[in-house]
Amino acid sequence: MAPCAENEAAAGEESRVTVTAGAPLTVECRLRPEQRAEWRRDGATPPPDLRAAPEAAAGSGLAARLQAPAARDHHAGLYTCSRERDHRVRVVVLPGTGPGAGRACFWLLAVTLRHSAVTPSARPLSESAAPVSVSPSASEAVPAAPAGPVSPAAAGASDLAELLYDVRGNLSLHCSLPNENSLAYVWTKNGTALEQVWEMTGRYVLEKGGAELRLARALEDDFGNYTCGVAGRSETQGWAVRGRPHLKVPANTNVVEGQRLKLVCKVIGKPYRPVSWWYSNSSDDEGNFTEVTAALGARAVVGSGEGGAPGAVLTVEAAARSPHRYLFLITVISEDAAAAAIATPSNNLMTTKNGTALEQVWEMTGRYVLEKGGAELRLARALEDDFGNYTCGVAGRSETQGWAVRGRPHLKVPANTNVVEGQRLKLVCKVIGKPYRPVSWWYSNSSDDEGNFTEVTAALGARAVVGSGEGGAPGAVLTVEAAARSDAGRYRCSAPDATLPATTTLRVKDMYAALWPFLGICAEVFVLCAIILVYEKRRTKPELDDSDTDNHDQKKS
């Protein structure tokens, strides 16, 4: 039989060689110029009948080769040619007898010549089987009738276990079919070989010898029926991968009485499930909902939405005023997917801030937008002075709707504070977010961030005085007239609704701390003078003795 070999790169890390038993075998592995070939097969020494060929140049590196005149079953495995294992080569040896083996190998080779293998991630799933056969004249998998006993789940796609994944989630499928001879795995999606699904090209990874399919950040079009099988065998394993439905509608919808009302429920997650609409005239989120066609009658028309999502569009040709103020519409696809909208009949609306008409608040002039017929107020990049009490109402009516808009407080103090013992200590907690909340101070003498903090007046007594800070923030300033060494520790300021408290570490220095370096310098000078004095005294005495000896010699002569 002629050799049937396959070499396909997989993300520059792993390639595969598929060869028929008895055909010549060549295993080629890439090396960097500074690397030396050290062959291993499955972590052990390669079979002795594989001979190393001389290294040859390949692009910017080298190519190391192992060759055998005839491939055998014991040649199958994962080969590496360097200690770093930069490049791995998986060798698959197909049976060399029988026409079925030749057809399977031909199919694999055809796929390899037309498509390069790709490598791309996800979560293990439950499994079920579905039979697939391989056509010897085309490079795609097609459903086949069971040849002998198969598992109950192998009857067809309708019997596949349905697996739910989120859009942009990671998908992982593991093929658990027996594969003692390390044959090639064959993957399909909706009956088409995975290599031929162009929208998945370069986005998936086949790992563990092809037994595991991983796909990172799955898209809507990635969901479908997946099967895996072993080359030359009829049994397969399959999954019905479905997108978990997510729904989205505008939180508020306005329409003028008599005009056409159109509500669109955006559905994410294929295949699309049927959407149903429900109505309630109660302002309570848990109010009793009625099927919308039963509540609104023939005026409510439900149709398909974008992409063909059944029932995703609700249309009412002429909207009527409701005796209640709110019209809640909720769509339910499954127990874990729901969305809600509020539709309010529109009229002339008036908006105020702190009791003043919005157009008369000069600091907001030109900074806000009224949309949807004046029913929606939008303000980009809100400032501290923008917070307050807002109300809206309909001209000519007494009822209004109000909001107390508050700025979330953010607190800030220096990370470290130093003070000299006996001097005045002043800690200021800067508060951002009006109206200012009352600030409280806490003290801990522990260096642990989660140490037990005590209210500062209870810890320091009457020496600790808390006052208002800049802009009138109550309690934002902590003052201690004469700091003591025992006051050192961690001080924390906090406020209601604040994201996080702010903490500073206080260090109290000794009042004589600046004196010690001066005394040290004086001591050094004193010691140095003493050394010089002693040295000078010892040096002058020998000189005097030498002069007396010279005078005595002169007298004798």
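This report covers the fold elements, nonpolar cores and one sheet of a predicted model.

Local features need pLDDT of at least 70, side-chain atom pairs count only at pLDDT 80 or more, and totals for chains, interfaces and linings use all residues. Residues are numbered from 1 along each chain as its sequence is written, and side-chain values use heavy atoms, without hydrogens and water.

The protein chain has four helices and 44 strands (DSSP runs: H or I of at least four residues, E of at least two, numbered from the N terminus). Of its 557 residues, 37% count as buried (under 20% relative accessible area, 1.4 Å probe, protein chains only). Its accessible surface is about 31200 Å² (Shrake-Rupley method, 1.4 Å probe). Carbon and sulfur atoms hold 54% of that surface.

Two separate nonpolar cores are listed below. A core is a set of buried Ala, Val, Leu, Ile, Met, Phe, Trp, Tyr and Cys residues joined through side-chain atoms within 4.5 Å.

| Core | Size | Members include |
|---|---|---|
| Largest | 25 residues | Leu 173, Trp 187, Tyr 226, Trp 239, Val 241 |
| Second | 24 residues | Val 413, Leu 427, Tyr 443, Leu 506 |

In the largest core, the five residues named touch the most other members. Strand β17 (224-230) is among the elements giving two or more residues. It gives the most, with three. Tyr 226 has contacts (heavy atoms within 4.5 Å) that include Leu 173, Met 200, Trp 239 and Val 241, leaving out residues up to four places away in sequence.

An open sheet of five strands runs β36-β44-β43-β39-β40, with mixed pairing (strands pair if DSSP finds at least two bridges between them). Its edges are β36 (416-420) and β40 (454-455). Strands β39 (440-444) and β40 are antiparallel and joined by two bridges. Tyr 443 stands opposite Thr 454 in β40.

Notes: Buried means under 20% relative accessible area, exposed over 50%, partly exposed in between (1.4 Å probe, protein chains only).
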